[in-house]
Amino acid sequence: MPELPEVEGVVRSLQPVVAGKTIRHVEVSNTICTSINKGKACIIKGMDPETFSNRLKGTKIMDVERRSKYIYFYLEDGADEAILVNHLGMTGAWFHVHSLNEIKEEKFRKHIHVILAFEEDEFLVYADIRRFGELRLLDSIADHPPLLEIAPEPFSPGALEYFLMKSALPKYANKPVKEVIMDSHVVAGCGNIYATEALFRMKIHPNRKMARISEKRKKDLFAHIVAILQESIEAGGSSISDYRNINGEAGSMQNRLQMYGRKACPICHTNTKQMVIAGRNSVYCPHCQH
DNA sequence: CGCATCCTCCGGTTGC
DNA sequence: TGCAACCGGAGGATG
């Protein structure tokens, strides 16, 4: 499941191979078309697949960037500008290939949903096993207001102040700290893996209520979140649930995780415990974390 | 209107 | 071997 560092890895590997390329042809899977015809949500959001294809066709990808866990493809078609916004969900993946057979893993090859053709033998392919991902073609980010509500990038200058301000709001006071730091309105891009790790490093119990964490510890916690996200980006992300960048390369951060997925605490060797917080499984050390 | 809660999307994986 | 339960980002519907 890609979080901020993994999405950053995808964007860095996409950038050199798609910037400046023109989308000559677009193909959308029958699965998407039939699902949407049945009234279900399926990857392409806010637009019917035919309009999506027609509008994408002929556009040039000017730039690619990451925002939180989203990928923004900046497009131009003459004087017109648009943004293709992608979220990888649980199992989304991009592949840059000359033939679909180059996608070696069958479970991805079986679930190809959108093909962007640059040339007759050069494709950018979106595959998504569980179809939790999304593709949204917008004239402007403001056309999808939830994107405007996302907290600043964690590495940006105002991010700490924003975190301190948001997390102090009454509506978060009685919520578990883990739920709050995983909320994209408070911290951008911090999912289950990195929230778990940051709380372990801080020795804070994931269920501790937000109001019961001092300002000083909140600052430390945020610093730990930023540090671990940065560390993970440098390690190429965590290759859990088959995450690969578009060149099929795995990251190594999973080897450096101290609590996520662990049966015992690496410090005191107590068996870890689990509890469900905001619908997500949360691992912690009952001895070290309070 | 703001907010909280519930529900939906899916198939590989896991456990029985 | 077969089958059912499980898991989860984000947004939309509902209360």
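These legends walk through close-up views of a predicted model, taking in its two DNA strands and the packing around helix H9.

**View 1. The surroundings of DNA strand C.** Welcome to the first DNA close-up, where 14 residues surround DNA strand C. Met 1, Tyr 70, His 87, Arg 130 and Gly 279 are the closest of these. By class, the surface near DNA strand C divides into 5 nonpolar, 5 polar and 4 charged residues. If you look at the strand's own atoms within 4 Å of the protein, 68% belong to sugar or phosphate, and the rest belong to bases.

**View 2. Side chains at the phosphates of DNA strand C.** Which side chains should you look for here? Start with His 87, where a polar side-chain atom lies 2.5 Å from a phosphate oxygen of DNA strand C. His 144 also places a polar side-chain atom by a phosphate oxygen of this strand, at 3.5 Å. For Arg 280, an N or O atom of the side chain is 3.4 Å from a phosphate oxygen of DNA strand C.

**View 3. The surroundings of DNA strand B.** Now turn to the residues that surround DNA strand B: Lys 40, Ala 41, Lys 107, Lys 110, His 111, Ile 129, Arg 130, Arg 131, Phe 132 and Lys 171. They divide into 3 nonpolar, 1 polar and 6 charged. Of the DNA strand B atoms within 4 Å of the protein, 66% are part of sugar or phosphate, with the rest in bases.

**View 4. Phosphate and base contacts on DNA strand B.** Two side chains to find at the phosphates are those of Lys 107 and His 111. Lys 107 has a side-chain N or O atom 3.1 Å from a phosphate oxygen of DNA strand B, and His 111 likewise has one at 3.1 Å from a phosphate oxygen. What does Arg 130 meet on DNA strand B? A polar side-chain atom of Arg 130 lies 2.7 Å from a base nitrogen of that strand. Arg 130 is also among the closest residues to DNA strand C, so keep an eye out for it in both sets of views.

**View 5. Helix H5 against helix H9.** Helix H5 (residues 159-167) packs on helix H9 (residues 215-234) at an angle of about 130°, with the axes 10 Å apart. That angle makes H5 oblique to H9, and the crossing is right-handed. On the H5 side you will find Ala 159, Leu 160, Phe 163, Leu 164 and Ser 167, which meet Glu 215, Lys 218, Lys 219 and Phe 222 of H9. The contact residues comprise 5 nonpolar, 1 polar and 3 charged.

**View 6. Helix H8 against helix H9.** Here the axes of H8 (residues 192-202) and H9 come within 9 Å and cross at roughly 130°. The two helices are therefore oblique to each other, in a right-handed crossing. H8 contributes Tyr 194, Glu 197, Ala 198, Leu 199, Arg 201 and Met 202, while the H9 residues include Leu 221, Ile 225, Ile 228 and Leu 229. In the whole contact there are 8 nonpolar, 2 polar and 5 charged residues.

**View 7. Helix H1 against helix H9.** H1 (residues 4-18) and H9 pack at about 40°, and their axes are 8 Å apart. This crossing is right-handed. Leu 4, Pro 5, Glu 6, Glu 8 and Arg 12 of H1 make the contact with Leu 229, Ser 232 and Ile 233 of H9. These residues split into 4 nonpolar, 1 polar and 3 charged.

Conventions. Residues are numbered from 1 along each chain as its sequence is written. Chains are lettered from A and ligands numbered from 1 in the order in which they are written. This is a predicted model: local features need pLDDT of at least 70, side-chain atom pairs count only at pLDDT 80 or more; totals for chains, interfaces and linings use all residues. Side-chain values use heavy atoms; hydrogens and water are left out. Axes are lines fitted to C-alpha atoms, for helices over the stretch in contact, and angles run from 0 to 180 degrees between N-to-C directions. Helices (H or I, at least four residues) and strands (E, at least two) are DSSP runs, numbered from the N terminus. Angles under 35 degrees count as roughly parallel, over 145 as roughly antiparallel, 65 to 115 as roughly perpendicular and the rest as oblique. A crossing is left-handed if the near helix is turned anticlockwise from the far one by less than a right angle, and right-handed if clockwise. Contact means heavy atoms within 4.5 Å. Ala, Val, Leu, Ile, Met, Phe, Trp, Tyr, Cys and Pro count as nonpolar, Asp, Glu, Lys and Arg as charged, and the others, Gly among them, as polar. A residue is near a molecule or strand if one of its heavy atoms lies within 4 Å of it. A polar contact is a pair of N or O atoms within 3.5 Å; within protein, one must be able to donate a hydrogen and the other to accept it, and residues adjacent in sequence count only if both atoms are side-chain atoms.
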